[in-house]
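User: I would like to go through this model step by step, with a reason behind each answer. Where should we begin?

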Amino acid sequence: MKDPYEILGVKPGASEEEIKTAYRGLAKKYHPDRYQDDAMRELAQEKMSEINAAYDSIISGKAGGGENIRELIRQNRLSEAEARLQNMNKNAEWYFLMGSVCYKRGWLSDAMRYYQTAVNMDPANGEYREALNRMNTSGAYNNPYQNPYGGYRTGGYYGGRRADSCDVCSSLICADCCCECMGGDLIPCC
C-alpha cells in the first residue's frame, strides 16, 4: 500500500480532525453510490477500499484500534469495518463479517454469497447458519429492513435506499385516492 497520508492528502503530522475531514471529503467524492455506470462504480469501490485502508491505518496507529469489527457493523460504521476486514485473513469469520457489511448496505445477493461461504467453511458454527437461514426462510433476502443481528434497520431507509421527495408525493397521492374513494378529500386540488 502507498503511504496512507499521501492517499488521504494530509501531512504525516496532521491532527485527527484534519485526517477525518480529508477522509470525509474523499469518501463523498468516491462513494460508489454516486456512480450509475458499473465500470465507474467498480473503480470507485476500489478507490474507497484504498481510502478506507489508509484512514484505518492512520487512525488505528493514533488510537490503538480498540474497536472490533462486529461493533463497527452494529454502529453502522461500514466503511471502517470493511477497511479492517481488508487486513484480516479470509477465513469463515471474515466471510460472515463481510456478509454482514453487505447486508447492512442492502447488497443482499453479495451478503447471501458471503454467508453461504462462511457456512461452507465452518458448518458447525450456529451463528453463520442462523444468518444464512434467516435470509432464506424469513424472507430477509427480499426484506432489506431486517439485519443479520436481528431486529429491523432504521434511519429513514426505504427499500435499501434513502426515502426521497418522490416517495412522499407518491404516498400522499395514494392516500388522497383512498380518501376520495371513501368520500373524503385529503388534497383538495387533485
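Analyst: Start with a rule for helix length: the expected span of a helix is 1.5 Å times one less than its number of residues. Keep in mind that this is a predicted model.

User: What span should helix H8 have, and how far apart are its end C-alpha atoms?

Analyst: Helix H8 covers residues 126-137, twelve residues in all. At 1.5 Å a residue, the expected span is 16 Å. The end C-alpha atoms agree with that, at a separation of 15 Å.

User: Which residues of H8 are buried?

Analyst: Buried means under 20% relative accessible area. In H8 that group is Tyr128, Ala131, Leu132, Arg134 and Met135.

User: Around the axis of H8, how many degrees of arc do they cover?

Analyst: The buried residues sit on the same side of H8. That follows because their arc around the axis is only 155 degrees.

User: Which helices do the buried residues of H8 pack against?

Analyst: Contact here means heavy atoms within 4.5 Å. The packing partners of the buried H8 residues are helix H6 (92-105) and helix H7 (108-121).

User: Which residue caps the N-terminal end of H8?

Analyst: Look at the backbone nitrogen of Glu127. A side-chain oxygen lies 2.9 Å from that nitrogen. The oxygen belongs to the capping residue, Asn125.

User: In H8, Arg134 and Glu130 meet in a salt bridge; is each of them buried, partly exposed or exposed?

Analyst: The two side chains approach to 2.3 Å, N to O. Both lie in helix H8, four residues apart, about one turn of the helix. Arg134 has a relative accessible area of 16%, so Arg134 is buried. Glu130 stands at 44% and is therefore partly exposed.

User: Which residues do salt bridges that share partners join into one network?

Analyst: A salt bridge needs a side-chain nitrogen of Lys or Arg within 4 Å of a carboxyl oxygen of Asp or Glu. Shared partners link such bridges into one network, made of Arg70, Glu93 and Glu127.

User: How many helical turns, roughly, separate Lys20 and Glu16 in helix H2?

Analyst: Lys20 and Glu16 form a salt bridge, with the closest N and O atoms 3.6 Å apart. Lys20 is partly exposed at 26% relative accessibility, and Glu16 is partly exposed at 35%. They are four residues apart in helix H2 (residues 16-30), so the separation is about one helical turn.

User: Why do residues three or four places apart in an α-helix point the same way?

Analyst: The repeat of the helix sets this. Residues at that spacing point the same way because an α-helix has 3.6 residues a turn.

User: Which residue forms a salt bridge with Lys47?

Analyst: Lys47 lies in helix H3 (residues 38-63), and its partner is three residues away, about one helical turn. Lys47 is partly exposed at 25% relative accessibility. The closest N and O atoms are 3.5 Å apart, and the partner is Glu50.

User: Which helix gives the largest share of the largest nonpolar core?

Analyst: That core has 26 residues; Ile73, Leu85, Phe96, Tyr115 and Met135 touch the most other members. Helix H4 (69-74), helix H5 (78-85), H6, H7 and H8 each give two or more residues. The largest share is nine residues, and the helix is H6.

User: Leaving aside neighbours within four places in sequence, which residues does Glu82 contact?

Analyst: Glu82 is found in helix H5. At 16% relative accessibility, Glu82 counts as buried. Beyond its sequence neighbours, its contacts are Met98 and Arg105.

Definitions and conventions
Residues numbered from 1 in each chain as written. Predicted model: local features only at pLDDT ≥ 70, side-chain atom pairs only at ≥ 80, totals over all residues. Heavy atoms only, no water. Buried < 20%, exposed > 50% of the residue type's maximum accessible area, 1.4 Å probe, protein only. Arc of directions from axis to C-beta. Polar contact = N/O pair within 3.5 Å; in protein donor to acceptor, adjacent residues only side chain to side chain. Core = buried A, V, L, I, M, F, W, Y, C linked by side-chain atoms within 4.5 Å.
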